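Subject: Structure handover

Dear colleague,

I am passing on to you the structure below, together with some notes on what turned up when I went through it. Please have the sequence and the model open beside you as you read.

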Amino acid sequence: MTIYPIETGNFKLDGGAMFGVVPKTLWQRTNPADSNNLIDMSMRTMLIQDGDRLILIDTGTGNKQSDKFFGYYYFFGDFSLDTSLAKYGFHRDDITDVFLTHLHFDHCGGAIQWNKDRTGYEPAFKNAKFWSNKNHWQWAVEPNVREKASFLKENINPIEASGQLNFVNLPSGDFATNTALGFDILFADGHTEKQMIPHIQYKGKTLVFMADLLPTVGHIPLPYVMGYDTRPLLTMDEKAKFLNQAADNNYFLFLEHDATNELCTLKHTEKGVRLNQTYKFNQVFN
Ligand SMILES: [Zn+2]
């Protein structure tokens with residue numbers, strides 16, 4: 001098995017929204033804001049080459065939304081999914097599986113693109129199975145008012161229409177082993193219903209794709225929960241449990257949204273679980 005970090009682009013989000021009840025005087029130490037109070041965010045996805053499978057975890061936003069829409073998010077940098085795949089000798093048509101941690105636009109928008117004459121949408125990965133789960137899918141197709149701006153129907157409906165949609169089986173608890181993807185999955189409900197957090201055994205280590213359970217290293221202290229989360233108290237419970245496990249077992253956390261840190265490890269301190277060290281992916285796995 002070989003794993004590659006795939007940068008799909010950077011954008012900016014309101015720092016206050018990203019840190020919920022935490023005051024700016026605290027969060028700006030780790031996530032400095034610009035003059036519009038925006039902080040840098042990455043959309044770092046993961047490519048897993050395993051035998052004849054090529055699995056992409058999340059896709060970034062893609063490029064089908066309007067200039068007005070993208071204007072809200074201040075995209076910057078030179079990354080794109082296609083150039084990042086090409087760097088390792090891959091093309092999007094090689095992808096066999098696209099695993100979507102959840103269906104917020106910055107995680108799944110790239111799964112769908114305009115068709116050639118821009119009259120409708122088509123899968124951006126024509127040879128891939130798309131993976132979600134039944135409960136999250138139902139949650140996303142009938143969005144609550146709070147998440148409505150994140151669940152865009154042009155991202156979601158065409159996936160179902162493509163016939164390429166598959167669901168991961170839901171475990172009786174919150175952790176699934178022996179999944180169809182070949183890695184274990186933690187299911188978390190605080191950010192959104194049944195967000196999926198892949199746990200991958202790789203080169204003797206546990207590598208965890210954090211998605212929105214832990215967007216940046218700035219979010220490690222327990223109360224540092226995004227204003228976007230639908231069930232923030234539950235996020236705090238889920239984080240507490242996960243962060244303790246991660247510190248106990250020296251998990252390597254792969255950060256999708258941290259613009260500067262690709263990986264981190266955690267440690268126990270008197271104040272609770274805190275950052276141990278940050279790494280570039282290739283420093284640990286090469
Ligand atoms: Zn999200």
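The structure holds 9 salt bridges, and I should say at once that the model is a predicted one. One of these bridges joins the side chains of Arg-44 and Glu-7, with a distance of 2.7 Å from N to O. Because Arg-44 belongs to strand β2 (residues 38-50) and Glu-7 to strand β1, this pair ties together parts that lie 37 residues apart in sequence. Arg-44 is buried, its relative accessible area being 2%, and Glu-7, at 12% relative accessibility, counts as buried too.

A salt bridge is also formed by the side chains of Asp-40 and Lys-12, at 3.3 Å from N to O. Here Asp-40 sits in strand β2 and Lys-12 in strand β1, so that parts 28 residues apart in sequence are tied together. Asp-40 is partly exposed, with a relative accessible area of 34%, whereas Lys-12 is buried, with 17%. Lys-12 and Asp-40 are linked with Asp-34 in a network of salt bridges.

Elsewhere, Asp-189 forms a salt bridge with Lys-194, the closest N and O atoms being 3.0 Å apart, and both Asp-189 and Lys-194 are buried.

Glu-147, which is found in the loop between α6 (134-141) and α7 (153-161), is buried yet has no salt bridge, and the nearest side chain of opposite charge, that of Arg-231, is 7.3 Å away. Leaving aside neighbours within four places in sequence, Glu-147 is in contact with His-104, Trp-139, His-191, Thr-192 and Thr-230.

Turning to the pockets, the largest pocket holds about 390 Å³ of space, and of the 22 residues that line it, Thr-8, Gly-62, Asn-63, Ser-80 and Leu-81 are the closest to its centre. The elements that give two or more residues to this lining are β1 (2-14), α4 (81-87) and β5 (112-114), and the largest share, 3 residues, comes from β1. By class, the lining of the largest pocket has 8 nonpolar, 12 polar and 2 charged residues.

The second largest pocket has a volume of about 320 Å³ and is lined by 17 residues, of which His-104, Phe-105, Asp-106, Ser-150 and Tyr-228 lie nearest its centre. At least two residues of this lining come from each of β1 and α5 (105-108), and by class the lining has 9 nonpolar, 4 polar and 4 charged residues.

With best wishes

Terms used:
Residues are numbered from 1 along each chain as its sequence is written. This is a predicted model: local features need pLDDT of at least 70, side-chain atom pairs count only at pLDDT 80 or more; totals for chains, interfaces and linings use all residues. Side-chain values use heavy atoms; hydrogens and water are left out. On a 1 Å grid over the protein atoms alone, a cavity is a set of points where a 1.4 Å probe fits but cannot get out, and a pocket is an open set with protein on both sides within 12 Å along at least five of seven lines; lining residues have an atom within 4 Å of a point. Grid points are joined across faces, edges and corners, and a volume is the space filled by probe spheres set on the points. Helices (H or I, at least four residues) and strands (E, at least two) are DSSP runs, numbered from the N terminus. Ala, Val, Leu, Ile, Met, Phe, Trp, Tyr, Cys and Pro count as nonpolar, Asp, Glu, Lys and Arg as charged, and the others, Gly among them, as polar. Buried means under 20% relative accessible area, exposed over 50%, partly exposed in between (1.4 Å probe, protein chains only). Lys and Arg count as positive and Asp and Glu as negative; His and the chain ends are not counted. A salt bridge is a side-chain nitrogen of Lys or Arg within 4 Å of a carboxyl oxygen of Asp or Glu. Contact means heavy atoms within 4.5 Å.
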